[in-house]
Number of protein chains: 2
Amino acid sequence: MEKQNSKRELGVTAQSEDYSKWYNDVVHKADLAEHSPVRGSMVIKPYGYAIWENVQKILDQKFKETGHENAYFPLFIPMSYLQKEAEHVEGFSPELAVVTHAGGKELEEPLVVRPTSETIINAMYSKWIKSYRDLPVLINQWANVVRWEMRPRLFLRTTEFLWQEGHTVHATHEEAIEETMKMLNVYRDFADNYAALAPVVGEKSDLERFAGALNTYSIEAMMKDKKALQSATSHYFGQHFAKAFNIQFQNKNNQLEYGWQTSWGISTRIIGAIIMSHGDDKGLVLPPKVAPYQVVIVPIGTKKIDDKAKVMEAVNKIKQELIALGVRVKLDDRDNVTPGFKFNEWEMKGVPLRLDMGPKDIDNNQAVLARRDISEKNIVSRDGLAENIVKLLDEIQSNMFKIAKDFRESNTKEVKTLEELKEYFSDEKNAGFALCSWDGCNEVEQQLKDEFRVSHRCYPMNLEPQEGICIATGKTTMKKAIFAKSY
Amino acid sequence: MEKQNSKRELGVTAQSEDYSKWYNDVVHKADLAEHSPVRGSMVIKPYGYAIWENVQKILDQKFKETGHENAYFPLFIPMSYLQKEAEHVEGFSPELAVVTHAGGKELEEPLVVRPTSETIINAMYSKWIKSYRDLPVLINQWANVVRWEMRPRLFLRTTEFLWQEGHTVHATHEEAIEETMKMLNVYRDFADNYAALAPVVGEKSDLERFAGALNTYSIEAMMKDKKALQSATSHYFGQHFAKAFNIQFQNKNNQLEYGWQTSWGISTRIIGAIIMSHGDDKGLVLPPKVAPYQVVIVPIGTKKIDDKAKVMEAVNKIKQELIALGVRVKLDDRDNVTPGFKFNEWEMKGVPLRLDMGPKDIDNNQAVLARRDISEKNIVSRDGLAENIVKLLDEIQSNMFKIAKDFRESNTKEVKTLEELKEYFSDEKNAGFALCSWDGCNEVEQQLKDEFRVSHRCYPMNLEPQEGICIATGKTTMKKAIFAKSY
């Protein structure tokens with residue numbers, strides 16, 4: 001048996017030492033992704049892509065349950081389409097990749113590689129929608145998009161990324177608002193109950209709004225370095241794009257009216273959020289519901305032929321029991337690395353639960369379970385083991401949510417004045433989210449951005465209504481905002 | 001109630017009148033796809049995309065069962081990468097779309113929008129693979145690719161299309177050959193038992209081989225106009241790309257060796273094959289296993305309030321029973337169109353089975369079932385209806401395979417001489433597949449292509465070995481080939 005433990009470097013930089021280096025180490029050593037030869041573009045490796053597949057499966061089902069269908073629109077968009085909505089083109093122009101030559105010729109009109117698909121989708125919608133009977137249009141697309149990125153970081157900011165974008169059209173303002181909030185809630189549900197991110201949910205400020213939207217809502221998760229990461233967005237467009245693209249329908253009173261629209265999306269960035277929200281100095285920690293493998297089984301003491309046969313029979317049996325209960329399980333039966341090497345590797349890869357079984361365990365009708373979330377190792381009975389593992393995975397899932405929620409709450413400080421806010425964020429190391437009364441002042445907001453690299457994350461929802469004094473304007477307001485440094 | 005029957009034109013051009021127009025009519029009227037404003041690019045509409053989602057689900061499971069993992073590689077490929085394999089770049093150069101500007105600047109090296117991903121994937125593999133312990137690498141990617149298309153046709157030839165591409169590396173020639181054949185067989189299984197295409201399976205000729213491959217295998221389905229459609233391919237590369245991209249590994253004898261590779265793919269073109277293999281003059285006919293809806297329920301005689309309540313209760317009940325059995329079912333409860341309108345629409349959309357239920361049916365403990373594949377309408381008992389529908393869907397699936405197989409076999413003619421072959425294909429209307437002894441002659445093959453637009457489709461596998469005289473060279477050979485006109 002080769003001793004690979006010493007050969008490979010499995011450790012990562014400590015979070016406390018250099019958080020950014022810790023992140024890069026985890027992404028590489030957990031085998032999630034790497035940079036490609038094209039600057040800014042990443043290769044998502046099988047283990048990282050398997051997380052994305054789980055995200056897709058969960059969300060796709062929720063989209064369908066809420067009445068949406070998938071479709072596919074073209075990668076290339078004529079430059080002139082982007083220019084139809086002024087704010088939109090202004091927002092995206094600096095990030096565009098442009099095809100100028102194709103089929104051996106220079107193109108008459110350059111084609112933009114989609115940075116988002118509002119313009120091409122709305123061009124189609126204007127052809128498809130004639131009557132209120134054609135509404136609502138509830139379409140989602142899973143696709144790749146390209147936004148040229150000057151400072152790429154794996155998953156967080158890449159030139160090409162994968163995402164889904166929902167684009168809907170409704171007969172009334174009210175229905176479109178309802179859709180915007182419904183999909184925001186789908187993301188919140190996913191973030192809380194699957195990714196265990198426990199984000200703050202709320203509306204964006206004027207400055208942070210999506211280019212072309214009337215209202216943008218987001219979920220804002222807190223990373224372990226206490227910065228915010230915008231993890232999904234839901235936009236209400238009113239009739240903005242409908243007017244730019246002439247999406248008109250005959251309403252019930254036989255009048256022509258512009259459609260009311262929304263869009264909403266989540267991207268491979270969410271994998272960055274999962275890494276940074278849960279990871280520790282041993283590597284990745286994955287919530288069971290999105291983990292490629294929920295349980296890894298490591299056979300122990302298999303050097304003797306007799307023992308090996310006995311152990312392999314036992315681990316294969318529990319593996320089958322787990323599969324039958326719908327658990328995603330990996331049996332690590334490699335014989336060229338030691339159990340210790342396997343422990344380190346699966347810890348690095350964040351598998352929620354490890355099950356070890358050796359000849360003695362079998363004799364004693366037991367197994368060893370090691371939890372990744374709380375670094376606990378227990379000897380448990382073999383009786384009812386598979387069922388107990390299913391329960392334990394639920395417990396791990398809930399515990400990870402609780403830890404994330406507690407962490408975010410205990411690192412959120414309520415501040416009463418602008419000075420207090422500035423002082424809070426002067427402490428680079430300890431500052432997290434600041435909550436303050438805020439009724440909107442673009443100048444002060446911009447100033448905080450420029451001077452402290454601190455941004456308005458959202459007006460959080462579901463707070464107790466409370467009157468306060470806006471820290472920027474000094475006016476009385478019912479609104480509160482979260483400020484934070486962010487990714 | 002509006003009379004929409006007369007308003008909308010639901011019919012399609014007869015196949016016998018203009019097959020190509022019939023195809024376009026079906027694609028549009030069944031609401032599968034349409035052209036986008038960017039020439040050659042299509043919009044896949046929800047009903048068409050739902051077929052693709054079923055194709056993906058079925059194949060993705062088969063890929064995973066055969067040990068493959070999904071990953072994601074970049075859309076953009078540096079031009080210099082494509083140039084590393086001479087045959088490959090020659091094959092793809094005329095079809096490339098090129099990004100020359102991005103982020104507001106001209107790029108130093110133009111980026112190609114991937115026409116296929118061999119080059120970028122192999123560049124990564126050369127970094128990842130060091131030892132025989134790293135092999136096999138069994139990776140698949142679901143992605144969009146772009147090949148500039150001069151004569152676009154929806155699904156069949158589009159500038160951008162969706163596909164999967166598997167790319168594997170093995171330690172030996174034998175293993176790579178085994179993989180090539182294994183994946184060819186996955187496609188054959190899918191084509192026979194899910195898409196009901198009953199294709200011929202075999203190896204491509206020198207002229208028809210993929211650019212850079214040593215061997216290309218394909219499945220060739222016969223369309224209703226008796227032309228062939230290449231529906232999936234599996235390639236054996238030997239060490240061609242491994243040498244171009246320096247994919248070397250230390251083998252068990254501690255020697256450096258180049259990897260042995262394969263790739264294999266299927267695209268949204270398969271939807272074109274499904275349309276043209278099964279469709280008729282009433283529109284689309286979908287095999288149950290890939291149909292978005294396997295059963296559509298049409299409530300009948302719901303004008304009276306009392307009847308409506310009774311009928312809706314009954315149809316909702318059978319709907320729930322079918323869902324519980326895993327059937328994909330659509331209840332068409334629109335009240336602004338007549339049942340007759342619905343019949344036509346779902347016929348056009350190729351739903352395998354229609355279930356009608358009215359007040360009288362309920363009184364008589366019965367329902368009406370209309371099969372799409374054989375235009376049969378039967379009154380059946382309500383007892384055990386859901387279970388019987390499941391059986392009937394299987395029967396429809398088998399029957400569609402049988403019809404496709406019979407059609408292909410009865411339109412395949414064995415020819416003994418080149419003159420006979422030419423004569424056969426001179427009859428534009430009746431010519432299908434020609435089977436002949438053929439040991440390979442590029443000149444004659446090219447001549448047939450130029451003069452008769454007839455191409456070598458494959459050397460079919462699973463034929464009884466039989467000695468014959470090659471119709472091109474006059475030499476004795478054991479090999480036989482299929483020639484046909486093709487898409």
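What share of the contacts in chain A with a separation of 6 or more is accounted for by residues 24 or more positions apart? I looked this up before anything else, keeping in mind that the model is predicted, and I found that such residues account for 69% of those contacts in chain A.

**Entry 1: chain A as a whole**

I then turned to the overall form of chain A, whose secondary structure comes to 14 helices and 25 strands. Along the principal axes, the C-alpha atoms of chain A fill a box of roughly 80 × 60 × 45 Å. I compared the radius of gyration with the expectation for a compact globule: for 487 residues that would be near 23 Å, and chain A has 25 Å, which agrees. I also looked up burial, and noted that 48% of the 487 residues of chain A count as buried.

**Entry 2: domains of chain A**

For the division of chain A, I took the domain assignment, which gives domain 1 (19–278), domain 2 (295–407) and domain 3 (412–484). I looked at domain 1 and domain 3 of chain A, whose centres, taken over C-alpha atoms, are separated by 27 Å. The contact between them takes 15 residues from domain 1 of chain A and 16 residues from domain 3 of chain A. On the side of domain 1 that touches domain 3, the elements of chain A that give two or more residues are β9 (200–203) and β10 (215–222), and the largest share, four residues, comes from β9(A). Sorted by class, this side of domain 1 of chain A has five nonpolar, three polar and seven charged residues.

**Entry 3: where chain A touches chain B**

Next I followed the contact between the two chains, which takes 43 residues from chain A and 43 residues from chain B. On the chain A side, strand β5 (residues 97–102) gives the most, with six residues. By class, I noted 28 nonpolar, nine polar and six charged residues on the side of chain A that touches chain B. I then asked myself how many bridges join β5(A) to strand β5 (residues 97–102) of chain B. There are five, and the two strands run antiparallel. Checking one position in this pairing, I found that A:V99 has B:V99 as its bridge partner in β5(B).

**Entry 4: helix α2 of chain B**

I wanted to test the length of helix α2 (residues 46–65) of chain B, and the reasoning was simple: at 1.5 Å a residue its 20 residues should span 28 Å, and the end C-alpha atoms are 28 Å apart, so the two values agree. I also listed the buried residues in α2(B), which are B:G48, B:Y49, B:A50, B:I51, B:W52, B:V55, B:L59 and B:F63. Just after α2(B), I came to B:G67, which takes a positive phi of about 90°.

**Entry 5: cis peptide bonds**

I looked for cis peptide bonds and noted one joining A:L135 and A:P136, with omega at about -5°. A:P136 has its place in the loop between α5 (118–128) and β7 (137–146) of chain A. In chain B, the peptide bond from B:L135 to B:P136 is cis, with omega near -5°, and B:P136 is in the loop between α5 (118–128) and β7 (137–146) of chain B.

**Entry 6: positive phi outside glycine**

I turned to residues other than glycine that have a positive phi, and began with A:N462, where phi is near 60°. This residue, A:N462, is in the loop between β22 (455–460) and β23 (468–469) of chain A. Is A:N462 buried or exposed? I found 8 other C-beta atoms within 10 Å of A:N462, so this residue is exposed.

In chain B, I noted B:R453, which is not a glycine and has a phi near 50°. B:R453 is found in the loop between α14 and β22 (455–460) of chain B. The count of other C-beta atoms within 10 Å is 12 for B:R453, and a residue counts as exposed at 12 or fewer, so B:R453 is exposed.

**Entry 7: B:E443**

My last search was for B:E443, which lies in helix α14 (residues 442–452) of chain B. B:E443 counts as exposed because it has 9 C-beta neighbours inside 10 Å. I also compared sequence with space for B:E443 and B:L207, which are 236 residues apart in sequence and 9.8 Å apart in space, C-alpha to C-alpha.

Conventions: Residues numbered from 1 in each chain as written. Chains lettered and ligands numbered in written order. Predicted model: local features only at pLDDT ≥ 70, side-chain atom pairs only at ≥ 80, totals over all residues. Buried ≥ 20, exposed ≤ 12 C-beta atoms within 10 Å, placed from the backbone. Expected span 1.5 Å × (residues − 1). Rg over C-alpha atoms; globule rule 2.2 N^0.38 Å. Contact = placed C-beta atoms within 7 Å. Nonpolar A, V, L, I, M, F, W, Y, C, P; charged D, E, K, R; others polar. Pairing = 2+ DSSP bridges. Domains from an automatic or database assignment.
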